[in-house]
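Reader: I am new to this structure and would like some help with reading it. Could we go through it together?
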Amino acid sequence: MTRTDEKVRYPLKSKDAFLTPADGAEGVENALRILEGRWKLVILFHLFGGAVLRFSELERSIPGISQKMLIQQLRQMEADGIVRRIVHHQVPPKVEYCLTEWGQALCPALDALLTWAINKPDTDPAPSPDP
């Protein structure tokens, strides 16, 4: 008697496994498209670690960002599922932002990217040819 799992072979499909370099490049391109924007990474770093910040706190903690740009970036990140917007119905209105579980999962990846950038080797000038 043979086992069923030996008779039926389904290829294992994983979201993490890319079949070709082109598929991998496309996946990275899609991930970077979600994170593109001058302020998104700065906003992410302020919200990492489970921080829940009011709009005004975020605005004060990021010098140089306009209200309009902060609103745009937060809306895009909310639409992409990275940030959760919490509205407290009170007077005056209170709106808080925090990372979703999926957004918080970016932390190790961005830490690895930061470590990679910090460990950049010193570039020596090309050796000059002997005369």
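Author: Gladly; we will talk about the sheet and then the pockets. Please keep in mind that this is a predicted model.

Reader: Let's begin with the sheet. In what order do the strands lie, and how are they paired?

Author: A general idea helps here: in a regular strand the side chains alternate between the two faces of the sheet. In this model, 3 strands make an open sheet in the order β1-β3-β2, and the pairing is antiparallel. The edges are taken by β1 (53–54) and β2 (83–88), each with a single partner strand, so one side of each has no neighbour in the sheet.

Reader: How many bridges join β2 to β3, and how many join β1 to β3?

Author: There are 6 bridges between β2 and β3, and 2 bridges between β1 and β3. You can find some of the partners yourself: Val83 has Leu99 in β3 as its bridge partner, while His88 has Lys94 in β3. On the β1 side, Leu53 stands opposite Tyr97 in β3. β2 and β3 also form a hairpin, with 5 residues between them.

Reader: Why is β3 largely enclosed by the rest of the structure?

Author: Look at burial: 5 of the 6 residues of β3 are buried, so the strand is largely enclosed by the rest of the structure. Helix α3 (residues 40–47) lies across β1, β2 and β3, and runs at about 90° to β3.

Reader: Now the pockets, please. What is the volume of the largest pocket, and which residues are closest to its centre?

Author: Again, the general idea comes before the case: rolling a probe the size of a water molecule over the atoms shows where empty space is left. Here the largest pocket holds about 490 Å³ of space. It is lined by 16 residues, and those closest to its centre are Ala31, Leu32, Leu35, Leu106 and Ala109. Two or more lining residues come from each of α2 (21–35), α6 (101–104) and α7 (106–118), with the largest share, 6 residues, from α2. By class, the lining has 14 nonpolar residues, 2 polar and no charged.

Reader: And what is the volume of the second largest pocket, and which classes of residue are in its lining?

Author: The volume of the second largest pocket is about 220 Å³. Its lining includes Arg54, Phe55, Glu78, Arg85 and Tyr97. The elements giving two or more residues are α4 (55–61), α5 (67–79) and β3 (94–99), and α5 gives the most, with 4 residues. This lining has 6 nonpolar, 1 polar and 5 charged residues.

Technical notes
Residues are numbered from 1 along each chain as its sequence is written. This is a predicted model: local features need pLDDT of at least 70, side-chain atom pairs count only at pLDDT 80 or more; totals for chains, interfaces and linings use all residues. Side-chain values use heavy atoms; hydrogens and water are left out. On a 1 Å grid over the protein atoms alone, a cavity is a set of points where a 1.4 Å probe fits but cannot get out, and a pocket is an open set with protein on both sides within 12 Å along at least five of seven lines; lining residues have an atom within 4 Å of a point. Grid points are joined across faces, edges and corners, and a volume is the space filled by probe spheres set on the points. Ala, Val, Leu, Ile, Met, Phe, Trp, Tyr, Cys and Pro count as nonpolar, Asp, Glu, Lys and Arg as charged, and the others, Gly among them, as polar. Two strands pair if DSSP finds at least two bridges between them. Contact means heavy atoms within 4.5 Å. Axes are lines fitted to C-alpha atoms, for helices over the stretch in contact, and angles run from 0 to 180 degrees between N-to-C directions. Buried means under 20% relative accessible area, exposed over 50%, partly exposed in between (1.4 Å probe, protein chains only).
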